[in-house]
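Here are some worked exercises to try with the model open beside you. Have a go at each task before you read its solution.

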Amino acid sequence: SGLEPAKIKTTGKIEDSAFNKKNNYSNGIDLNFVPLNKMILDSLENIIINKRLYLDYKNNNLAINTELINYTNLVKQYLKKNPSKTIEINGHTDNNGYFENNLIIGQNKADALKAYFIKNGISENEINTFSRGEAEPIANKYTEEGKALNNRIEIRIN
């Protein structure tokens, strides 16, 4: 349900248990939720509101992975608590092909992520998509490593 396994601590102990007269079980599972401290919450918010994703995108299809699923769940929770916020999705590409085509590919990537967010419960009205194509590289655009880094989606929550 979107919780990372590392965030869940389980312990066990043996205690007497019994069913009461209404056939309800007692001394079963006890859940304790511990609030995160302010520093952790601030760093989580920073991760959520400024995110760079490297997703496989082929034939106009977005490959869904665990990072995307977890991030989507965090965004949904964040937007529920901050309903005035909006999402900006920017699609970026490497410099293979023509500039105009890369703008279209970047837009298709951003739109595919928007569709995924909508399918998973985020309101369409909260999402804007844009393409930067190859115009804003973050790495050397003439090496394979640089091209891989430039081929990304950036998300900002404002």
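**Exercise 1. A helix on the sheet**

Which strands does α3 lie across, and at about what angle does α3 run to β7?

Solution. This is a predicted model, so begin by picking out helix α3, residues 99-119. Follow the helix over the strands beneath: α3 lies across β3, β6, β7 and β8. Now compare directions, and you find α3 running at about 155° to β7.

**Exercise 2. The overall layout**

Find how many helices and strands the protein chain has, and in what pattern they follow one another.

Solution. Step one is the count: four helices and eight strands. Step two is to read along the sequence, which gives β-β-α-β-β-β-α-β-α-β-α-β. Step three looks at the contacts with a separation of 6 or more: 69% of them involve residues 24 or more positions apart. Finally, turn to the surface. Of the 158 residues, 30% are buried, and the chain exposes about 11300 Å², with carbon and sulfur atoms supplying 51% of that area.

**Exercise 3. Ordering the sheet**

Work out the strand order of the open four-stranded sheet, and say which strands stand at its edges.

Solution. Reading across the sheet, the order is β3-β8-β6-β7, and the pairing is mixed. β3 (50-53) and β7 each have a single partner strand, so one side of each is left without a neighbour in the sheet. From one strand to the next, the twist averages 20°. Helix α2 (residues 66-81) also packs here, touching β3, β6 and β8, and its direction makes about 15° with that of β8.

**Exercise 4. The neighbours of β6**

Describe how β6 is joined to β7 and to β8, and decide whether β6 is largely enclosed or not.

Solution. Take β7 (residues 127-133) to begin with: six bridges join this strand to β6, and the two run parallel. One pair to locate is H92 with its bridge partner G133 in β7. The connection passes through α3, and β6, α3 and β7 make a right-handed β-α-β unit. Next take β8 (residues 153-157), which is antiparallel to β6 and joined to it by five bridges. Here I87 stands opposite I157. As for burial, five of the six residues of β6 (residues 87-92) are buried, so the strand is largely enclosed by the rest of the structure.

**Exercise 5. Into the core**

Identify the residues that touch the most other members of the largest nonpolar core.

Solution. The core holds 23 residues, and the ones to look for are I87, L113, F117 and I157. The elements giving two or more residues to this core are α1 (38-49), α2, β6, α3 and β8. Now zoom in on I87: leaving aside neighbours within four places in sequence, its contacts include V75, L79, F117, I122 and I157.

**Exercise 6. One alanine**

Is A112 buried or exposed?

Solution. Locate A112 in helix α3. Its relative accessible area is 17%, and the cut-off for buried is under 20%, so A112 counts as buried. Not counting residues up to four places away in sequence, A112 touches Y57 and L62. To finish, check the distance to T129: this residue is 17 residues from A112 in sequence and 9.7 Å away in space, C-alpha to C-alpha.

How values were computed. Residues are numbered from 1 along each chain as its sequence is written. This is a predicted model: local features need pLDDT of at least 70, side-chain atom pairs count only at pLDDT 80 or more; totals for chains, interfaces and linings use all residues. Side-chain values use heavy atoms; hydrogens and water are left out. Buried means under 20% relative accessible area, exposed over 50%, partly exposed in between (1.4 Å probe, protein chains only). Two strands pair if DSSP finds at least two bridges between them. A crossover is right-handed if, with the strands pointing away from the viewer, the path from the first strand over the helix to the second runs clockwise. Contact means heavy atoms within 4.5 Å. Accessible areas come from the Shrake-Rupley method with a 1.4 Å probe; for residues, only the protein chains shown count as cover. Axes are lines fitted to C-alpha atoms, for helices over the stretch in contact, and angles run from 0 to 180 degrees between N-to-C directions. A nonpolar core is a set of buried Ala, Val, Leu, Ile, Met, Phe, Trp, Tyr and Cys residues joined through side-chain atoms within 4.5 Å.
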